[in-house]
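Subject: Handing over the two-chain model

Dear colleague,

Please find below the structure I mentioned, with its sequence. My notes on what was found in it follow underneath.

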Amino acid sequence: MNALHAFVEGIGVWSATLADFAALKAQERGESVAAPPARPPASMLPASERRRAPESVLLAVEVASQAVAMSGREAGELPCVFSSAYGDQLISDYMCATLAQAPTELSPTRFHNSVHNAPAGYWTIATGCHAPSSAITAGHASFGAGLLEAASLCITEQQPVLLVCSDIAGHGPIGEMSGSQAAFGCALVLSPQAGERSLMRLDLTLEPHAGSMLHPAPRTGAWQEANPTASAAWSLMQNLVRGSGECTVAAAETLALRIVMETSA
Amino acid sequence: MPVPIQPLAVSAYTVTSALGHGLESHVAALSATRGGLRQNDFSSAPLACWIGRVDGVEDAALPAAHAVWECRNNRLAWLGLHQDRFLERALDVRQRYGAARVALVLGTSTASIGATEEAYRRLDDEGHMPPDLRRPLIHAPHSLAGFVAEALGLEGPCLTVSTACSSSAKVFANAERLIQLGLADAAVVGGVDTLCDSVLFGFNALELVSPEPCRPFDQARRGISIGEAAGFALLERVGMAPHAPRLLGYGESSDAHHMSTPHPEGLGAELALRDALARANLHADQVDYINLHGTASLKNDEVEAALVTRAFPTTTRASSTKGFTGHTLGAAGILEAAFALQAIERGLVPANLGCTTPDRACGPQFALEVEQRAIDVALSNSFGFGGNNACLAFGRAPA
């Protein structure tokens, strides 16, 4: 198998301590950065939607907006892939609790917001995007599988693609199962060709039967371990800050995705 | 417009739904226009509606080696894998290409949320899940594909697509991309969704559930009947199975209109259709049969009927099979892809069960009764919440 090549044109990041990619770069330089507001601003959403939208949607839309703004692309023209290990765990907790007690009182709005593709739905509605949109999950490999899917779409369709990977903190009994204790999202705009907007080039290669290599490292207490997307994406995020480097992420249970990054000339 | 794809062979496929286990029971029911809906005997609290429930799911216990994945949705997956020798065919493909060269892409809307619901009904005094359900893997949306990957021993790219009711149609597109790029030599695609309180009471809250068996495209339709199903298909390059029916194309689009209501002019549905035809290198007048999304919701059927009427000649036949199976949500794509494939392989155009007085938007394309005729090209429509649309194009292998 030959490597897939894709060019990064935009990057979005959000966590409780990082408002965007600039903040991440500053933090990696050792500077102190101001914490963002508690709710991701998600200013791309109309005000009425922003008030109604669940946290999972605000987070995904926020990082998507950042990446698209950096790329200078038209949001409505980008096919998009939204990846999340657990989807909206707050709504899952609400729904399961309500169904256990008073099932006929279930909120219709929360139900339609519970679909895994709610962020993709809100995003395409807000941006007038008629291009294909997808919502995927792959357990602890959700970040790598999302990157592989976005790169595949980008290269087969020969057009730029938006990738959004995010998970919110869990809550209640289902939160105990996910172990997700913090919110984190990141987004990339990937293009099949090098151009004026290219920031870095990614060479992606699958490495099969990599089971032992993909076992999680011993926990160090680092903050990103509290979120499945953050822990999977963190090595790539650091390379994005540097503009180069190599890392390996899980694309499936025993399938590794090797990501070699070079600064785009 | 997209460029045409190289067709892929659908070298094996199977479905299990309220109509029975495996393809033969489905063909028998469709041929006799015998529906599979029953009065709701499933939800944890009473709800007057009709459902498409699969018999025997409760008895399909997983082998001890896979016990960590135990839940009703994975039992339905396991039951489904055993029909039409699909499990053996999949293991044969793994043997032929190697475990890492076979992709697995499955669609589901609710995965095993039914197990999470049960855990919440049985919380202990301190509010924790009961010990037998403290299994994190089944409380995540990847539960289905995680289980099937382990059961089939597949180690290639593995993905769950969860875009509501288009989920297991879109998996064909994901798989085609992976094979086209050489990231896999073959793919197991499909989907499984089981009945659960979330969807029964959720669609009820949206006032979309019919109190009677659903009647797609009928003027007097009153909403959907929810069903459950499992289905799987094997995709390979055509040289490996030259006589098998083929995936000719697929189209995907977004409505950009509303979270739970389709675009009033069917804009996204038509984009997905045009995209699928372009990828399949087909014109609308070459389409012999369309298995419609046809949920029996007021809005979907009106919009979809108008699209069929304006986009296809009178020679194209069209029907919704949801009157037989109910709306199987994330499994609808694969179930109805199998009906499109059976239309090609058996010349079987299913009746639009439940429709006696068609909506005024319906044209002469609608097949109200079962028909036997040669079908060379068949489409399948699947549209989901969030305005997520997919259209699949299948065709007969050249003689």
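Which residue in strand 9 of chain B is the bridge partner of B:Val189? The bridge partner of B:Val189 is B:Ala233, and I will come back to the strands around this pair after some conventions.

This is a predicted model, in which local features need pLDDT of at least 70 and side-chain atom pairs count only at pLDDT 80 or more, while totals for chains, interfaces and linings use all residues. Residues are numbered from 1 along each chain as its sequence is written, and chains are lettered from A and ligands numbered from 1 in the order in which they are written. Helices (H or I, at least four residues) and strands (E, at least two) are DSSP runs, numbered from the N terminus.

Strand 7 of chain B

Strand 7 (residues 186–193) of chain B pairs with strand 9 (residues 229–237) of chain B in the antiparallel sense over 8 bridges, where pairing requires that DSSP finds at least two bridges between the two strands. Strand 5 (residues 102–107) of chain B also pairs with strand 7 of chain B, here in the parallel sense over 6 bridges, and B:Gly107 has B:Gly191 as its bridge partner. In strand 7 of chain B, 8 of the 8 residues are buried, a residue being buried if 20 or more other C-beta atoms, placed from the backbone, lie within 10 Å of its own (exposed if 12 or fewer, partly exposed in between). In a regular strand the side chains alternate between the two faces of the sheet. Here B:Ala186, B:Val188, B:Gly190 and B:Val192 point one way, B:Ala187, B:Val189, B:Gly191 and B:Asp193 point the other way, and all are buried.

Chain B as a whole

Chain B contains 11 helices and 16 strands. Its radius of gyration, taken over C-alpha atoms, is 20 Å, close to the 21 Å that the globule rule (2.2 Å times the number of residues to the power 0.38) gives for 399 residues, so chain B is as compact as a globular protein of that length. The C-alpha trace of chain B spans about 60 × 50 × 40 Å along its principal axes, and 67% of the 399 residues count as buried. Among contacts in chain B with a separation of 6 or more, 79% are between residues 24 or more positions apart, a contact meaning that two C-beta atoms, placed from the backbone, lie within 7 Å.

A separate open sheet of chain B has 3 strands in the order 3-4-8 with mixed pairing, and its edge strands, strand 3 (38–39) and strand 8, each pair on one side only. Strand 3 and strand 4 (residues 50–52) of chain B pair in the antiparallel sense over 2 bridges, with B:Trp50 as the bridge partner of B:Gln39.

The interface

In total, 59 residues of chain A are in contact with 59 residues of chain B. On the side of chain A that touches chain B, the largest share, 8 residues, comes from helix 7 of chain A. That side divides into 35 nonpolar, 20 polar and 4 charged residues, where Ala, Val, Leu, Ile, Met, Phe, Trp, Tyr, Cys and Pro count as nonpolar, Asp, Glu, Lys and Arg as charged, and the others, Gly among them, as polar.

Helix 7 of chain A packs against helix 6 (residues 167–180) of chain B at an angle of about 70°, with the axes 10 Å apart; axes are lines fitted to C-alpha atoms, for helices over the stretch in contact, and angles run from 0 to 180 degrees between N-to-C directions. The two helices are therefore roughly perpendicular to each other (65 to 115 degrees, with under 35 counting as roughly parallel, over 145 as roughly antiparallel and the rest as oblique). Helix 7 of chain A contributes A:Glu149, A:Ser152, A:Leu153 and A:Thr156 to this contact, and helix 6 of chain B contributes B:Asn174, B:Arg177, B:Leu178 and B:Gln180.

Across the chains, strand 3 of chain A pairs with strand 6 (residues 158–161) of chain B in the antiparallel sense over 2 bridges, and A:Ile136 has B:Val161 as its bridge partner.

Finally, 9 of the 9 residues of helix 7 (residues 197–205) of chain B are buried, so this helix is largely enclosed by the rest of the structure. The cover over its buried residues includes helix 4 and helix 5 of chain A, together with helix 4 (113–121) and strand 8 (226–227) of chain B.

Best regards
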